[in-house]
Amino acid sequence: MARHIVARTSDIPPGGNKVFGVEGRDIVVFHVNGEFFALLNRCPHEGAPLVKAACVARLTSPEPGVYQRSRVGELLRCPWHGWEFDMRNGQSWFDPQRVKVRSYPVAVESGEELQKGPYVAETFPVRVEDNYVIVEV
Amino acid sequence: MSDVIDRPILAEEEAARSRLRIIDCDVHPSIHAHADIEQFLPKRWQQHLRTYGSHLRTPYIGTTPYPRSSPLIARRDAWPPTGGPPGSDLDFMRKQHLDPLDIEYGILQVLDLFIFSQQNLEFGAAIQRAINDWQLAFWSDRDPRLKASILAGQDDTEFAIAEIERCAKIGRYVQINVCPRANEPLGRRRYWPIYARAQELGLPLGIHVGGYGGHAPTGGGWPSYYVEEHQSNAHTMAAQLTSLVLEGVPERFPNLKIVFIEGGFGWIPSATWRMERHFEAFRDEVPHLKRRPSEYVKEHFWFTTQPIDEPDEGRHLRSLIEWVGADRLLFSSDYPHWDFDDPRYAFKTPLTEAERRKIFNGNARAVYKF
């Protein structure tokens, strides 16, 4: 699986998302609670664009009238029929055996780790003392 | 991994798809701003609308009895970038729906202002008339693909007839819509003058389920949840089909075409089988019926497909289509609402090319005389 640089972390604010064309596919990347998740921008049920999905919590109920929220923001709710998918693996929370969104591994890395250029400019140590920036040559 | 989306597509289905244009029998336009509709209202009713708003048979103006699954029951991606509610921007509707899905005709179904639920019948008549004019001015005149329906609430039968006459003279409406949840079941004789006029004019009778009349939406009373209430659309349709057939509407008006809209079609076999069995036992209670209930159902009624039923096994949908009959089904998307059906993916079972042609185009072409 080839690695593709799609964005700077600052391009997708927390709680936001963005679609990128990667090898002919529309991939939607979500930023939730400091983590990034990438999925195919297409609901496997009828094809709705997941970029418009609601990012919701997992809601469970041990008995009528009692509700619990967990994994806030990590579940996608399709913009059309409300099918819910786990952002981590694309798994549907309803009928999980049949319906799954294609998901992709995402990593956040520094530019240096991704690509080290062939040239190295000469650098000099810098110190700050009191109100003065001191460069050592 | 997902057999839903990876279902085999027949080679002939793929080939047909490229040539077959879609007739969508349920497209919901919305009023962008009250001013748009006010221009079609007499001053007296403009003032009424401003002062009182539109009335719904629920406790608070502008509310529905249940929180909907999404705001304005709309797809989250259907809010126009120019503002206004989903379905209110023609350019966006073209770009998001009509053009990409290659819609040849879209039949407009207006739900705004709770048109059929007004208890003030004069106000109800005024807004129905205004919306009938608005459909042409704002939609059909601007995009010839979009076809209007004559809204004519049947509880004010005199108004309904007058409005049908007025619109029929204009000649650009493709069907007559009546209220799905009127004061009495649709088969009752008080409504027959409307059916007589529809038959004479050759216009199908459209019944788009939804909204609230004077009754709880289920025969068992008011449900607790939206998911429960949504289910009641099928009960309502079954009740109205039963009423129309057993009261003898298709017997009395043999050329009347009746289209059930937004009720899906999964409930039809059971409702019809039951009528059929009971008819065998109790036919002398309804001697005005000259034929079996199933014959009326199969010859006088058409059903739009959305919200399509999705049984666990595709072959069960297959059986359903075969039982109801591919010649009875009219494709509908319900754009821009949340339970929209995409014509490319809604049928989780392969269709033959002949079936596709009927369901997505041919049947509607014949019913609406396109």
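**Exercise 1. Backbone geometry in chain B**

State where Pro336(B) is found in chain B.

*Solution.* Step 1: Pro336(B) sits in the loop between β8 (329–330) and α13 of chain B. Helices and strands are DSSP runs (H or I over at least four residues for helices, E over at least two for strands), numbered from the N terminus. The model is a predicted one, in which local features need pLDDT of at least 70 and side-chain atom pairs count only at pLDDT 80 or more, while totals for chains, interfaces and linings use all residues; side-chain values use heavy atoms, with hydrogens and water left out. Residues are numbered from 1 along each chain as its sequence is written, with chains lettered from A and ligands numbered from 1 in the order in which they are written.

Step 2: The peptide bond joining Tyr335(B) and Pro336(B) is cis, with omega about 0°.

Step 3: Asp334(B) is found in the loop between β8 and α13 of chain B as well. Its phi is near 70°, a positive value in a residue other than glycine. Asp334(B) counts as buried, because its relative accessibility is 0% (buried means under 20% relative accessible area, exposed over 50%, partly exposed in between, with a 1.4 Å probe and protein chains only).

Step 4: Another cis peptide bond runs from Gln306(B) to Pro307(B), with omega near -10°. Pro307(B) belongs to the loop between β7 (301–304) and α12 of chain B.

Step 5: These cases are worth listing because most residues other than glycine have a negative phi, and most peptide bonds are trans.

**Exercise 2. A positive phi in chain A**

Is Glu23(A) buried or exposed?

*Solution.* Step 1: Glu23(A) is placed in the loop between β1 (17–22) and β2 (25–32) of chain A. Step 2: Its phi is positive, about 50°, although Glu23(A) is not a glycine. Step 3: With 56% relative accessibility, Glu23(A) counts as exposed.

**Exercise 3. Salt bridges in chain B**

Which elements of chain B hold Arg318(B) and Glu355(B)?

*Solution.* Step 1: Arg318(B) and Glu355(B) form a salt bridge, their closest N and O atoms being 2.3 Å apart (a salt bridge is a side-chain nitrogen of Lys or Arg within 4 Å of a carboxyl oxygen of Asp or Glu). Step 2: Arg318(B) lies in helix α12 (residues 314–324) and Glu355(B) in helix α13 (residues 353–367), so the pair ties together parts of chain B that are 37 residues apart in sequence. Step 3: Both Arg318(B) and Glu355(B) are buried.

Step 4: Asp143(B) pairs with Arg94(B) in a salt bridge whose closest N and O atoms are 2.9 Å apart. Asp143(B) is in the loop between α5 (121–140) and β3 (146–151) of chain B, and Arg94(B) is in helix α4 (residues 90–98), so this pair links parts 49 residues apart in sequence. Asp143(B) is buried, at 4% relative accessibility.

Step 5: Glu313(B) and Arg315(B) form a salt bridge at 2.6 Å between the closest N and O atoms. Here Glu313(B) is partly exposed, at 37% relative accessibility, and Arg315(B) is exposed, at 52%.

**Exercise 4. The surroundings of Glu74(A)**

Describe the contacts of Glu74(A), including those beyond four places in sequence.

*Solution.* Step 1: Glu74(A) belongs to strand β5 (residues 66–77) of chain A. Step 2: Glu74(A) is buried, with a relative accessible area of 9%. Step 3: Its side chain makes a polar contact with the side chain of Arg71(A) at 2.8 Å (a polar contact is a pair of N or O atoms within 3.5 Å; within protein, one must be able to donate a hydrogen and the other to accept it, and residues adjacent in sequence count only if both atoms are side-chain atoms). Step 4: Not counting residues up to four places away in sequence, Glu74(A) touches Val32(A), Glu35(A), Val56(A), Phe85(A), Asp86(A), Met87(A) and Arg88(A) (contact means heavy atoms within 4.5 Å).

**Exercise 5. The interface**

How many residues of chain B are in contact with chain A?

*Solution.* Step 1: 20 residues of chain B contact 17 residues of chain A. Step 2: About 1,700 Å² is buried between the two chains, and carbon and sulfur atoms give 47% of this area (buried area is the accessible area, with a 1.4 Å probe, that two parts lose on being put together, summed over both). Step 3: Ten residue pairs are in polar contact across the interface, both residues at pLDDT 80 or more. Step 4: Between chain B and chain A there are zero salt bridges.
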